[in-house]
Amino acid sequence: MRKEDKVIIKFKKEKEAIEPGYAHDGDAGLDLYSNESLVLKPMHRTAIKTGIYLEIPKRCVGLIWDKSGLALKYGVKVIGGVVDSSYRGEVKVVIVNLSSKNLKIEKGMKVAQMLIQKVESVKLNNVKKINETKRGEKSFGSTGLKKEDDIKKIKEEIIS
């Protein structure tokens, strides 16, 4: 991607905060760093301060996601990670400790990653009926867990 093709995001940071950045060229997520130290008990959640304030352009959103290493090694899950373009407050990372052990978060530690994505604004049109699809209202678990489930469904459709 050429430099002129990149979305420009203005930001400011508190004195000791670490600037978000990509660990590797081509990475999808900007690493976000804790700007505080704390201990998170098992099954508790908190909003970790980053000391970062962003000016995300209109028609874009910042989506905060897990760091896979933290998720795997320590049972940390990011929740509630949408940063709208109109928000100008401090970016905070809401995490929950799903493990059975205390989790020590240290100032300067990578705690999450943010993906910047373009989004479409929509206009909702309230109608009496929406178009039918083959799936219809089937929801949770409707596609099965194994490929064999798909084969069984196809055979059932052929027979009926």
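Reader: What makes S1 and strand S4 a pair, and in which sense do they run?

Author: Two strands pair if DSSP finds at least two bridges between them, and S1 and strand S4 (residues 45–55) have 4 bridges in the antiparallel sense, so by that definition they count as paired. Strands here are DSSP runs (E, at least two residues), numbered from the N terminus. Within S1 and S4, Lys10 stands opposite Glu55 in S4. This is a predicted model, in which local features need pLDDT of at least 70 and side-chain atom pairs count only at pLDDT 80 or more, while totals for chains, interfaces and linings use all residues. Residues are numbered from 1 along each chain as its sequence is written, and side-chain values use heavy atoms, with hydrogens and water left out.

Reader: What makes strand S1 and strand S6 edge strands?

Author: The 4 strands form an open sheet in the order S1-S4-S8-S6, with antiparallel pairing, and strand S1 (10–13) and strand S6 (76–78) each pair on one side only. S4 and S8 pair over 6 bridges, with Arg45 opposite Val96 in S8, whereas S6 and S8 pair over 3 bridges, with Val76 opposite Asn97 in S8.

Reader: Why is S8 described as largely enclosed by the rest of the structure?

Author: Buried means under 20% relative accessible area, exposed over 50%, and partly exposed in between, with a 1.4 Å probe and protein chains only; 6 of the 8 residues of S8 are buried, so S8 is largely enclosed by the rest of the structure.

Reader: How do you know that Glu90, in strand S8, has no salt bridge?

Author: A salt bridge is a side-chain nitrogen of Lys or Arg within 4 Å of a carboxyl oxygen of Asp or Glu, and Lys and Arg count as positive, Asp and Glu as negative, with His and the chain ends not counted. For Glu90, which is buried, the nearest side chain of opposite charge is Lys92, 4.6 Å away, and therefore no salt bridge is assigned. The side chain of Glu90 does, however, reach the backbone nitrogen of Thr50 at 3.2 Å. Contact means heavy atoms within 4.5 Å, and, leaving aside neighbours within four places in sequence, Glu90 is in contact with residues including Glu14, Lys49 and Thr50.

Reader: Why does Val111, in strand S10, count as buried?

Author: Val111 has 1% relative accessibility, and because buried means under 20%, Val111 counts as buried. Leaving aside neighbours within four places in sequence, Val111 is in contact with several residues, among them Leu32, Ile48, Val78 and Val93.

Key:
A polar contact is a pair of N or O atoms within 3.5 Å; within protein, one must be able to donate a hydrogen and the other to accept it, and residues adjacent in sequence count only if both atoms are side-chain atoms.
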